[in-house]
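Reader: I'm new to reading protein models, and I'd love a close look at one part, the open sheet. Could you walk me through it and what surrounds it?

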Amino acid sequence: MEIRGSKEKLKTMKITRRKFLQQSSLAAGSFFIVPRHVLGKGFTAPSDQLNIAAIGGGGKGEVDITCSWNNGKNNIAAICDVDWGRSKKMMEKFPKAARYRDFRELLDKEKSIDALTITTPDHTHAVIATPAMQLGKHVYVQKPLTHDIFEARFLTELARKSKVVTQMGNQGSSSEAVKYLSTNWFDKGVIGTVHTVHVWTNRPVWPQGIPLPKDKPALPKDMLWDNWIGPAPMIDFHPAYHPFKWRGWWSFGTGALGDMGCHLIDPPFRVLGLGYPTEVECSVGSIYTRDWVPEYLPDSCPPSSSVTMKFPKSVKNKSEVVLSWSDGGIRPARPSIIPADDKIGNEDGGVIMIGTKGIITCGLFGWFGKVYKFNGEKMEMPAILSNSDLTKDDFGHQAKWAEACKAGFNSAEHKALTSSFDYSGPLTETVIMGNLAIRSQNIREERKGGGYEYPGQKKLLWDGPNMKITNFEGANQFVKREYRAGWRL
């Protein structure tokens with residue numbers, strides 16, 4: 001490569017490798033670039049690759065790494081996991097990637113990293129993404145974006161301030177099926193104005209509503225347990241937490257709602273253009289002792305829950321919306337216009353949007369969409385949009401993020417992403433709002449004369465812009481959690 005101009009001027013140039021890539025095509029008069037066909041068919045120059053570090057390499061991390069790598073279009077430069085046994089497959093697939101157990105060490109040493117995938121338990125998303133974005137690194141963060149509402153708002157604002165490209169890992173938002181629900185049906189007024197939405201899931205498929213384990217199994221070899229705990233209160237290792245089952249514990253996960261809400265609430269949230277809810281109330285399933293006394297289990301998410309939220313009318317939908325969520329085997333009643341034998345949703349859950357002219361139903365990722373009009377007309381989504389083969393590469397969700405990272409914060413590619421933090425931050429706040437109501441139900445106060453009362457078991461009124469429950473101060477403790485010493489945003 002030949003650069004024309006004085007050597008002195010060259011020394012004073014401050015241009016990053018990524019900026020160089022973005023600007024080089026505009027500076028053909030100043031740069032001579034070897035044509036790609038000369039380098040060889042399918043060849044991607046190292047300077048054209050995004051250097052990606054993966055925080056969390058097992059489970060869903062394998063998908064996020066592989067899809068971001070995008071068949072060699074990018075470089076997996078480092079893999080960090082507190083339990084290397086979980087990341088063994090990816091470490092073998094990318095043997096040249098540097099290996100770490102502590103993400104802070106990775107951020108300190110890997111100066112050439114452009115972007116990070118963060119695929120860790122919910123409670124560590126924000127504490128990892130924050131320093132990464134402060135360093136100007138682009139981030140892909142698994143759903144739910146954060147563990148609490150404050151963190152979601154914080155990351156959303158930090159992404160704008162840091163001017164980094166972001167994406168949350170609710171890959172179904174990039175599916176053509178979700179787009180079809182909006183552009184082909186709702187936006188054309190097929191079902192009129194929506195006033196009621198029902199969403200449900202088959203989760204949890206892990207233990208919930210259980211007491212804390214009391215035994216102390218041996219810690220897996222070479223596992224960095226202190227880093228796995230991160231900002232949460234310290235507790236001894238137990239397979240009841242790691243791997244996977246952490247989802248059912250409030251210290252680490254966000255329950256069935258946190259796990260599936262960002263997938264299943266996404267279609268109505270996006271299609272209807274919803275914003276912050278204004279009120280929320282819920283009921284939860286209980287666990288009883290042999291004496292039929294409800295067990296008080298504040299550490300574990302409930303075995304089932306039903307949450308109802310109210311949203312003001314939006315630019316897209318000129319009506320208030322009442323959205324009801326249910327999990328743990330609870331499903332909404334079938335509207336009378338839907339035939340008794342028609343399947344609604346799929347095995348993972350479903351959505352029903354009820355409007356003034358008809359109803360839209362769909363399953364996970366917007367699949368299996370149908371319209372039932374009150375005049376008797378029925379419509380079905382093209383079968384190809386509900387084909388499971390389309391999930392092979394997560395609808396291109398991670399790959400599109402990686403390409404947007406190369407294009408930059410103000411690029412059309414970034415604006416085209418379906419779940420940048422400008423969208424997924426408010427979506428996550430809505431999802432976690434349900435958990436705030438669920439956890440508030442466990443707040444108990446001693447009653448004079450004996451027994452307890454539960455002041456959080458009522459409708460909670462929410463001031464979205466100020467992130468505050470206005471009619472029960474005790475619920476606000478779940479807006480922002482306390483971090484363990486040594487951990488902070």
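**A close look at the open sheet**

Author: Let's start with the whole chain: buried residues make up 53% of its 489 residues (buried means under 20% relative accessible area, exposed over 50%, partly exposed in between, with a 1.4 Å probe and protein chains only). This is a predicted model, so local features need pLDDT of at least 70 and side-chain atom pairs count only at pLDDT 80 or more, while totals for chains, interfaces and linings use all residues. Residues are numbered from 1 along each chain as its sequence is written, and side-chain values use heavy atoms, with hydrogens and water left out.

The chain has 15 helices and 18 strands. Both are DSSP runs numbered from the N terminus: helices are H or I with at least four residues, strands are E with at least two.

Now for the sheet. Ten strands form an open sheet with mixed pairing, in the order β14-β13-β12-β11-β7-β10-β9-β8-β17-β18. Two strands pair if DSSP finds at least two bridges between them. At the edges sit β14 (378-380) and β18 (468-469), each pairing on one side only.

Zoom in on β8 (residues 279-284) and β9 (residues 305-311): they pair in the antiparallel sense over six bridges. If you want a spot to find on screen, V284 stands opposite S305 in β9.

What lies across these strands? Helix α15 (residues 421-440) lies across β8, β9, β17 (460-463) and β18, and runs at about 125° to β9. Axes here are lines fitted to C-alpha atoms, for helices over the stretch in contact, and angles run from 0 to 180 degrees between N-to-C directions. Contact means heavy atoms within 4.5 Å.

That same idea of contact helps with the chain overall: residues 24 or more positions apart account for 70% of the contacts with a separation of 6 or more.

For another strand to set beside the sheet, try β4 (residues 115-118), where T117 has its place. T117 counts as buried because its relative accessibility is 1%. Leaving aside neighbours within four places in sequence, T117 is in contact with several residues, among them I52, D64, Y140 and W401.

Finally, a word on cysteines. A search of the whole structure finds zero disulfides (a disulfide is a pair of cysteine sulfur atoms within 2.5 Å). C262 is buried, with a relative accessible area of 0%, and C301 is buried too, at 1%.
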